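Reader: I would like a close look at a single helix and the helices around it. Please take me through it step by step.

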Amino acid sequence: MRPRLPERRSLRTRLLLFIGVTLVVVCAAMALTTVLAQRAYLIGNLDQRVTDAAERSQGGLQRRTGDDTDLGFLNERGQAVGTLAARFDADADADADADGTGQVIAAQVVTDDGTQQTLTTAQRAALDGIATDGSLHTRTIPGLGTYRVTAIAGDGVPVLTGLPMDDVQDMIGGLVLIEAVAGALGLAAAGVVCAVVIRRQLRPLGRVAATAVEVSRVPLGRGAVTGLTRVRERDTYPGSEAGQVGAALNRMIDHVESSLAERQRSEERMRRFLADASHELRTPLASIAGYAELMNRGTQRIEPTLAWRRVSAESARMTGLVEDLLLLARLDEGRPLQSSEVDLAALVAEAVWDARAAGGGHDWQLALLLDTPALVRGDEARLHQVVANLLANARVHTPAGTTVVASVEATEAHCVIRVRDDGPGIPAHLLPAVFERFTRGDVSRSRNTPADGGSGLGLAIVAAIASAHGGHIDVQSVPGRTEFTLTLPPSHALVEAPSAPPPTALATSDPRPDPH
């Protein structure tokens with residue numbers, strides 16, 4: 001199958017051609033119908049006159065006593081100019097019995113001055129073969145034109161009578177001419193009106209196309225893209241096709257602009273991420289290179305044990321950063337995590353116990369508020385990392401003596417882990433971006449001890465792991481109260497356990513779960 005060629009004419013041209021052809025066909029059909037109807041009417045009227053004239057001629061012959069060629073009845077009053085009459089030979093009856101026709105032996109026509117003119121042999125020959133049964137015939141007689149003739153016998157003398165068709169043909173010709181002129185003028189006027197109307201109706205579509213062309217010329221490949229031209233409101237009316245196109249174009253431009261803005265933000269985040277990652281990796285590498293250079297210059301400049309200790313610390317810091325980046329990359333790719341049944345109550349209790357060992361200067365508390373067992377399906381190691389990161393974040397960014405409460409809530413609908421502290425809180429300008437990568441309260445790149453802060457990936461890892469488990473994490477922070485809330489879907493694959501124990505009271509001194 002051959003591919004369909006694209007339309008090379010404009011929509012305006014195709015509409016004009018279609019409407020013009022349609023109007024021409026309709027006008028031609030109407031004109032043809034009118035001409036045929038008028039012709040049928042005029043021929044019918046003429047046939048009636050011919051029949052009446054034949055009957056009068058037969059009556060006139062019955063009253064006359066002339067021979068077989070006598071056509072004197074044409075002199076009688078009432079005979080129209082151009083009336084033609086003919087007589088058949090004496091054997092007409094016998095011939096009519098054989099084939100229904102007779103031979104014309106005399107024929108005359110009434111001239112313009114009222115006299116009779118005898119037809120020549122050639123003219124009479126044009127009248128041969130006409131049956132005397134009263135049927136109507138159309139014959140062209142040389143020198144006289146086209147006639148409508150009939151022949152009747154009846155009870156009298158057979159006679160042929162005819163009347164000219166010039167008047168009918170002239171009237172039909174005039175009607176055709178009038179209709180042609182009127183149709184041409186009407187089609188021209190209709191074409192002009194259609195062209196104006198189509199042009200006006202397609203004008204909004206032209207403005208929409210101009211807007212699309214203007215937008216297509218905007219460089220979208222680089223930089224921020226804002227303020228793209230929109231279709232004007234008057235060209236977005238949903239009741240018209242052009243308005244629907246304009247509205248759709250505006251929606252597409254909005255989508256393109258928002259997508260480009262999101263791409264710009266993503267590129268900015270990526271550039272910031274690369275810059276932060278480069279700085280984070282450059283700092284330990286610079287330290288390692290510096291200590292190596294000092295050792296190359298001699299042990300008198302630095303104690304070897306101290307140098308190796310610092311090199312090991314910076315290597316561990318760099319290894320941890322790379323591992324965090326790899327974890328985020330795997331989570332971004334959507335790689336499946338290990339799946340098993342995890343008891344959040346035991347997991348949080350262990351994490352709080354570890355945090356108490358690492359930060360003895362804080363007051364660590366555990367609260368278990370369980371309506372059902374706090375069971376979820378997920379990767380236990382990653383979930384432990386989430387809780388450990390939240391507790392480490394509270395330990396690093398709050399002063400000694402701060403109370404940190406980790407609570408676990410479990411219902412039929414969800415399982416919730418909350419980590420709350422009464423420290424100074426998160427700065428308001430950092431709160432919207434607290435879960436983004438490399439977000440830190442301290443923008444400095446140099447950190448000598450863990451107390452100086454991490455790389456800014458801890459909370460980003462928390463958010464990524466929560467999302468990978470079908471949950472989400474939120475934060476609310478004001479001076480004196482900061483609370484992270486991790487919500488996870490419960491495990492529905494377990495057999496329903498016996499009724500859960502009543503909520504456990506707040507553990508204020510020993511964070512380990514109640515052994516009973």
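Author: What follows describes one helix, H6, in a predicted model.

Helix H6 covers residues 304-332. H6 has 29 residues, and from its first C-alpha to its last it reaches 42 Å, close to the 42 Å expected at 1.5 Å a residue. After H6 comes Gly334, which has a positive phi near 75°.

Next, its buried side. Ala307, Val311, Glu314, Met318, Leu321, Leu325, Leu327, Leu328 and Leu331 of H6 are buried. The buried residues of H6 pack against helix H5 (241-297), helix H8 (380-396) and H9.

Take H5 to begin with. The axes of H5 and H6 are 9 Å apart, and the two helices pack at an angle of about 160°. Angles over 145 degrees count as roughly antiparallel, and H5 and H6 are therefore roughly antiparallel to each other. Their crossing is left-handed. Among the residues that meet here are Phe273, Leu281 and Tyr291 in H5, and Trp308, Val311 and Met318 in H6. By class, this contact of H5 with H6 has 15 nonpolar, three polar and four charged residues.

Now H9, residues 458-468. The axes of H6 and H9 come within 10 Å and cross at roughly 30°. Angles under 35 degrees count as roughly parallel, so H6 and H9 are roughly parallel to each other. H6 passes H9 in a left-handed crossing. On the H6 side, Asp324, Leu327, Leu328 and Leu331 take part, and they meet Ala460, Ile461, Ala464, Ile465 and Ala468 in H9. The residues of this contact of H6 with H9 divide into eight nonpolar, no polar and one charged.

Notes
Residues numbered from 1 in each chain as written. Predicted model: local features only at pLDDT ≥ 70, side-chain atom pairs only at ≥ 80, totals over all residues. Heavy atoms only, no water. Axes fitted to C-alpha atoms, helices over the stretch in contact; angles between N-to-C directions. Helix = DSSP H or I, 4+ residues; strand = E, 2+ residues; numbered from the N terminus. Parallel < 35°, antiparallel > 145°, perpendicular 65-115°, else oblique. Left-handed = near helix turned anticlockwise from the far one by under 90°. Contact = heavy atoms within 4.5 Å. Nonpolar A, V, L, I, M, F, W, Y, C, P; charged D, E, K, R; others polar. Expected span 1.5 Å × (residues − 1). Buried < 20%, exposed > 50% of the residue type's maximum accessible area, 1.4 Å probe, protein only.
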